[in-house]
Structure formats: structure tokens, C-alpha cells
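Hi,

Here is the structure I promised to pass on. Have a look at it first, and then read on for what turned up.

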Amino acid sequence: MAGNWHLIPTAKLIKDLQVNPKLGLSTQEARTRLDRFGPNVLVSTPPIAPWRLFLNQFQDFMVLVLLGTVVISVLLGEYLDAVAIFAILFLNAVLGFVQEYRAERSIEMLNKLAADHCRVIRDGHKALLDASLLVPGDIILLEPGDRVPADARLLECQLLSVDESNLTGESVPVGKDEKFLGDEATPLGDRRNAVYKSTLVARGFGRAVVTATGMDTEIGRIAHLLQEKESSETPLQKRLQQLGRILVLACAAIVAVVFAAGVGQGLPVYKMFMVAVTLAVAAIPEGLPAVVTIALSVGVQRMSRQSAVIRQLPAVETLGCATVICSDKTGTLTLNQMEVQQLWTGRGLHSLGGQALRLDPQIQDDLWYSVAVGALCTKAEVYEDGSVFGDPTEVALLRLAEKAGLSQRQLRRVYEEVGGIPFSSERRRMSVVVRQGRDRISLVKGAPDVVLPRCTHIMVGTEVVRLTQERRREALTILDSMADQALRVLATAFKPLGQQLPPEEQWERGLIFTGFVGMIDPPRPEVAAAVQAARLGGVRTIMVTGDHKKTAAAIAEQIGLFTPEAHRVLTGAEWEALTPLEQRKAIRSTAVFARVAPTHKLSIVKALKANGEIVAMTGDGVNDAPAVKEAHIGVAMGIQGTDVTREASHMVLLDDNFGTIIKAVREGRGIYDNIRKFIRYLLGCNVGEVLTMLAATLLGLPLPLIPLQILWMNLVTDGLPAIALGLDPAERDIMLQKPRNPGEGVFARGLLRRILFAGVTISLAALALFLFSLWYYPGQLERSRTMAFTVLVMAQLIYAFQCRYERHSVFDLGIWGNLYLILAVLISGGAHVFLLYHPFMASVFQTVPLSGDDWILVGLFACFPLFAETAGLMVKRAVRRRLSLLKV
């Protein structure tokens, strides 16, 4: 529905779009238009087709070499070998396809979960709607920090200005005017009566009718040029790619030695070529970087089920390193459900304790004015069915008015709104000008330390008297008392303006103070436990809030935020007065930052980063975006957060709950541990296979494995068990460990030592049994190979359970924590047994059925790596106990 909508008079536009500007579209009409115009989304690069994903599995260099060997085998008449090799390659391709397809699907699901929302009027009511469901004719509401969800024509606005830099390149926000009418030559940046999809509301409020959606919007035209999908690699993936290159070189050297030694012993060149290639395929973990993406994607799905949407995969890895979480208070640490507890006026304190306030509508005293200002000086609304839409603080004021008998609808019939100055984080107050008859009255509410200094008089009962210094001191004493009770306090005031409306700068001067309204937003029930869990895991929590210092401190006390090391409460002004060096020192002992402006949040993040901390920062407002973006992990609120903050973030909390962050940190640590488990398992198995072949060749022994057996082993051991390790649940004590260093290498914390130990013990088990069977079954090379082949497979399947634990033995914690792994091992082990006893499979892979005695030997030798590792752990623990006793 693209067109020159900025040229059409408003009345004609509304008629053309067939919408009631007060009631909006009906739900049924919106559905009809959605079918007609399609969803309000920008068309992106389509996902990779499944068939292309499957073909991509055959593009790896080693796979191409094996396909070449298939061709060579056919040419040499080795048809059975050719079919077997191709069948195994096909199964590997299917496995890789399934993994990558799941990763693609998980990322698609992530994008759906992170969909933007907007405020819209449907069926006469305000509602929060998925922006993709907007249609031409919808009436949308715009507030500071919103991303404009579609191209729209303004119907009304208050001091509205929009940042259109991403569309026009103009860095200064554009002031809007719904009465403006341009002409054909008016450029996009000068169309002041229109707003455009993806631009940012910088200031003010507006109501507009949607004129174009999706690819019909101005930004949709640009979207045609942005069809390439971006991909981001985590630092871990980059390190693994470097590791892969090193492994390729090392394996190439070892394979060359095996090939040369075999040819030197008189073995056929073709046969040794096949052995060398298949050994290289088995040894090089070419899928390792892809597995990291899969593990991260699985983690993303797990997190999404716990209301944490990861927007950028690298954030999953970084989460496990977090050492500090800077959290907003309202809605994150608390329920964001405000309730008025106390009112203070010139006549004294009125404690409600959840009870309704009874007012006589005919007596317009200080209490009446305090309640009426809260009901009229607001963007929140009460509907006829009693439902309320708006900011939680304003909702609490409306609830108070409704219970007191001052209906907002009735008040607005008498006091018609004619102007106003919206609330902003810099002003920390809001003003509305109403008209009663011919008189204008300015109504103001906001932070007490902002409103009270602008007051010259105070209302006591029905009288207006001068606000003396003594009365100011009394008011401040009451304010401190309310703050000590963790109440959020707003000041209310008004000013008669006369019949002629004065300039805007006079609306908030010489006010008449009516009182304080004290509200409480209780902590979330689970927050105290989450803060404690974070502390035990070496993650410090800092409250960063715009609330009063004492209010913030009281909530911090309730949730256990203070510790002997971090017990200070600093205000934004106190923080700003410090030098950068003093800030770095002070922040180590600070648990709460109160009365902070958004600019302070950015400096807090920078000070923490300068101290070497890995910082997670929460934010919701548009001005929080710089701090959220600066943090290692930017966390946006999914409910209260603005679109621009979500766009700057790495993670979105769908429930705005601090406890969800801690769950995400736990999940992040678990994902990283699972990647380490996968690396440990894959490389340990591969080292065992390579060492077995290398040692046998150098010792002049017959080859313990033929190429097909190596390929089969690579399939059954590197397949399902390896994937199952990526689904391993986090260890129970994972949040009792300190955060890891983000710069640590892949083999940090003894991982390389464990891999080499496992590879050597697996190789020793296989070689020992191979040598024994050559002696015990002279002239039966196939039986000896079958036993070596089987012990390698079984030892590696047992090794999968060893890889679940870094600090414990399988005998400590058992094997039952991961049912996926148990099932994978049973399937892989069962497939191997089927191979041994099925006549056709046995003939293809040149194996023989094993007797009961053979299986006893295989079982004993396959368990050797497990027993060796367990013995090593027991020795290490004994040494540690001995050393600790010596220290005592």
C-alpha cells in the first residue's frame, strides 16, 4: 500500500484506509487485511535448502578424497569395498545433515522468539501486538525509545521527534507535526507528518495510522539490498579452527609415516593408500567447528524455554565467563507491580496498608488533589472492564484513584487535557495542562527532589499556604522515612495558569505542592536465592537504579545484596564526582548505585571492564542502549524494554526476571563444558586410533585394522555418542565454581593431558589385546583384528561416560545423568555387535564372530582406560589430602 500518503489530508486518508481513528481496526478486519497484504516483515535471505545442506556434507576435502577412493576401487574391481565406503560416507552425511538442519531450525526459532512488539489500538482497546501482525489502517501509539513498527501517518503528536538516521543519514532527530502537508518534491527527511519503519522515537508521544507494511515500506526498499545472511563466529570456534589446522598437519605427518612404513614392509601401495586416507579421516575432527555451533544452538533453545532469548551465539560462550551482573531494580529484581502504601500531605501521613482511600469528590482538599493529579497527569488508562494499560507506577496511581472514587473517565470529562510535557529520564517529571471551563491548570508529578524545589506553596486541607523552610524540612524528613521503608515516592503539585495559556517554561514554576505518594514494588520471591547462587558461583551482583538511595538500599538489604566486601551505596552524583582511577577503586566495594542517569551506567560498565571484570548489564530504556552495547553481555528486558535496547543487546529476558539471568549463566557454563567434553571425547578417541595404527606399523606388526573398519569405527564412535555429550546436563556443582577466564585456550585446565592419557591407554588396550590374540590364535589374523577392532570401539564407548566429568570419576557419580548418552552407546554398541554376527556385514568388514571367552577379554581390556583414569584420580586425591594435612 505504498504511496504519497504525506500529501493526503488526514480526513481523506482515514476514509481511504477505512478505519475509526479512536477505535482502530476490528480483529476480524485486521485478519482480512493480513491475508491481503501479508506479514509486516522484511524478506530476508531464505534458509539453505535441505538438499543443499545435504550436498554440503560431501564438500570436505577428506570426504572428496574418499569418494576418489570409491572410484579407484570400482576401477580395480573392488566393488564390495567401494559400496561399503560409499555407504559409510552416506551415513556420515545423513548424520551431519541432521545436525546442521537442527542448528538452522534453532536459529529460525530464535528469530521468531525475538520478534518486536508495538502498541496498537484494536477493537477500541490498547494492546501489545507482535509487529509482524500490523496491517495498513492499524492505529499505533509511539513513545520514547520505540522503533517505529511500520510506515505511518501521524494523527496527533506531543513534542514528537524521530531519529531517521538509518533511513536518511540525518543525524539530528526530526521534529514531527501532524498538521504538515508537503508536496511532490518534499524529500523523505522533510516529511514531518509521517514516520517510517525502523526509525527511532527520540522524544515525545504520537498516534499514527499505518500506511505501509513489510517490503512496501521505505526501509523495505533498502532491504532488497541487504539479503546476505551474516554469520558470527565465537572466539572458541576460531580457536578450534586453528586447532584443526594444527591437527591436519600433525595427522598428515603421522599418516605419511604409516604409509611409508607399510609400503616399506612390502604391503601393496593401493592398500596402504586406503589405510592412510581412512586413518586421516578418522583422526581429523573436521566437524568440530560445526559441532560448536550446534551445541550453542541447542543451548539457545534450552535458554529460550527458560525465557532467555540469545540474539547472538557468541553471548552463550561469554555467559559462562561473567563475573559481574549489573541489574536494574524495577521489574528485574522486583515484581514491577506497584501499590500505593502511604500518602503524605500538609495535614499528615495517611497509611493505606492495601486498604482503599475514601474521598468525598465534593471536597477538593490536599488528598483529593494528590490523587487527581496522579489520575490525570499520566499516559496510563483504565478501561471500562477495569483493565489498566500503562507504566506500573502510573497504574498504581490509577488504581488508587479508582478505589478512592475518582474515576479517570469522569475526571477527564471535567478536566480536558490541552497540552503537556512528557516524562524523560533527564527531566524526571511530567506535566499535563488541563482546562476546566475557561481556566487552565498545570498538573505535575515526578521525583520529589525535582518537583519540591519548584514549589513555592503547599496545600493544607483546602487552603494554600507558603511552603516555608520549616515545612520543607518536615517534608524531607517524611521523604527519608518513606524511603527507609523501600517505598518509591512521587511528589504531586499543580499550578493555576489562568485563562490564557502562558509559555511552556512557566508551567512548572511556582507550583503548589500537594503531597508525597509512597508505593512499594516488592522483590521477586526467587531473587534472593538467585543472588546467593550467583555469589557462590563467583558472580557479583550490583544494583544500578534510578531510584532514591534509601529505597534502593532497603531493597538490596531484603535480597541479600550486601556483603562485607561490597557494602557501599553510591548515587550517580557521587560517582560522577570521582576520577576514573577513584571510580575503579570505589566500584570494588559498591553494591548499589542509586539515582543514576543512563550516562552513569556507561561509565560503570567501563570501570568494571577496566578492572578486568566480565560484565553483564541489564537495560530497558533507549538511553540504556550504550551501556548495554558496551557490556560483554548486554541484557534487554523483553516486557518493559524498548526496541532499540533489545537491538543493542546480546540477550533478551522475556520475563524481565533477574533469576533468568542466573539460569542463563548456568546454561552458558554447561554449554562450554559440553563443548570441552566433546573435544575431549573426539580427540581422545582419534589419538587412540592413530597411535594404535602407528605403533603397529613401526613395530612391524600386521595392520590391526583395515580401512573399512576405521571408517566404521569413526561412524559409530564419533556419531551418536559425541552428539549426546553435547546434550549433557550441567554438573550439579557448576554454580559453585569460579567463572572461567575468557582468554583460556581450548586445552586449558588439563584437558590436553586427559586427551593424551586417554589416547595412550585406549591404544595400549587395543595393541595389547591384538598382540595377545596373535599369540593365542596363531594364523587367525581376522580374529585378532576383530578383537582389536572391537576393543577400540567398546573402549571408546566407555570413554564417552568418562568424558562427562572433569573433577570426578564415573564411579563417583554413575552413568545415569544423561539418558541420551546411554541410548546412543546402546545403539552404537548394538550396531557393532550386529556387524560382527551378521554374515554379510562380517564378510564386508572382514570380521569373525567372537566367542564368550573373547568377549570377556574384550571387556577387560576395554575397561583398562577407565580403571587407569580412576586410579590416577585416586592417587591425585590422596596426594592432595596429604599436602593439606602437611599444611595444617
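Before the surface, one definition: a patch is made of residues with over 30% relative accessible area and no salt bridge, and nonpolar side chains such as Val and Leu are joined into one within 5 Å. Keep in mind throughout that this is a predicted model.

With that in hand, take Val-875, Val-879, Leu-883 and Leu-886. These four make up a nonpolar patch on the surface, and together they have about 380 Å² of accessible area. Leu-883 sits in helix H33, which covers residues 864-887. Its relative accessibility is 46%, so Leu-883 counts as partly exposed.

Now the wider picture. The protein chain has 888 residues, and 54% of them are buried. It holds 33 helices and 26 strands. If you look at contacts with a separation of 6 or more, 71% of them are between residues 24 or more positions apart. The accessible surface of the chain comes to about 38300 Å², and carbon and sulfur atoms account for 60% of that.

Next, the charged pairs. Side chains of opposite charge can pair when their charged atoms come close. How many salt bridges are there in this model? The count comes to 24, and a few of them are worth a visit.

Start with Lys-12 and Asp-16, where the closest N and O atoms of the salt bridge are 3.0 Å apart. Both residues belong to helix H1 (residues 10-17), and they are 4 residues apart, about one turn of the helix. Are these two buried or exposed? Neither label fits: Lys-12 has a relative accessible area of 47%, which makes it partly exposed, and Asp-16 is partly exposed too, at 34%.

Then go to Arg-302 and Glu-667, whose side chains meet in a salt bridge at 3.2 Å, N to O. Arg-302 is in helix H10 (residues 288-305) and Glu-667 is in helix H24 (residues 658-698), so this pair ties together parts that are 365 residues apart in sequence. Both Arg-302 and Glu-667 are buried.

Another pair to look up is Asp-366 with Arg-347, a salt bridge with an N to O distance of 2.8 Å. Asp-366 lies in helix H12 (residues 366-376), while Arg-347 is in the loop between strand S10 (339-345) and strand S11 (348-351), so the bridge ties together parts that are 19 residues apart in sequence. Here the two partners can be told apart by their cover: Asp-366 is buried, with a relative accessible area of 0%, whereas Arg-347 is partly exposed at 44%. There is also a small chain of partners to trace, as Arg-119, Glu-143 and Asp-146 are joined into one network by salt bridges that share partners.

On to the strands, beginning with S1 (residues 117-122). It is mostly covered, with 5 of its 6 residues buried. Which strands does S1 pair with? One is strand S2 (residues 125-130), antiparallel to S1 over 6 bridges. Another is strand S3 (residues 139-142), also antiparallel, with 3 bridges to S1. Ile-121 is a handy residue to click on here: it stands opposite Lys-126 in S2 and opposite Ile-139 in S3. The hairpin of S1 and S2 has 2 residues between the strands, and Asp-123 in it takes a positive phi near 55 degrees.

Further along the chain, strand S20 (residues 511-520) is mostly covered as well, with 9 of its 10 residues buried. Its pairings are these:

- S10 runs antiparallel to S20 and is joined to it by 5 bridges. Val-340 stands opposite Met-519 in S20.
- Strand S17 (residues 455-460) runs parallel to S20, with 3 bridges between them. His-457 is the residue opposite Ile-512 in S20.
- Strand S19 (residues 488-498) pairs with S20 in the antiparallel sense over 7 bridges. Thr-492 has Gly-515 in S20 as its bridge partner.

If you want a route through the model, try the surface patch of Val-875, Val-879, Leu-883 and Leu-886, then the buried pair Arg-302 and Glu-667, and finish at S20.

Cheers

Notes. Residues numbered from 1 in each chain as written. Predicted model: local features only at pLDDT ≥ 70, side-chain atom pairs only at ≥ 80, totals over all residues. Heavy atoms only, no water. Patch = residues over 30% accessible without salt bridge, like charges linked within 9 Å, V, L, I, M, F, W, Y side chains within 5 Å. Areas by Shrake-Rupley, 256 points an atom, 1.4 Å probe, with all protein chains shown as cover. Buried < 20%, exposed > 50% of the residue type's maximum accessible area, 1.4 Å probe, protein only. Pairing = 2+ DSSP bridges. Contact = heavy atoms within 4.5 Å.
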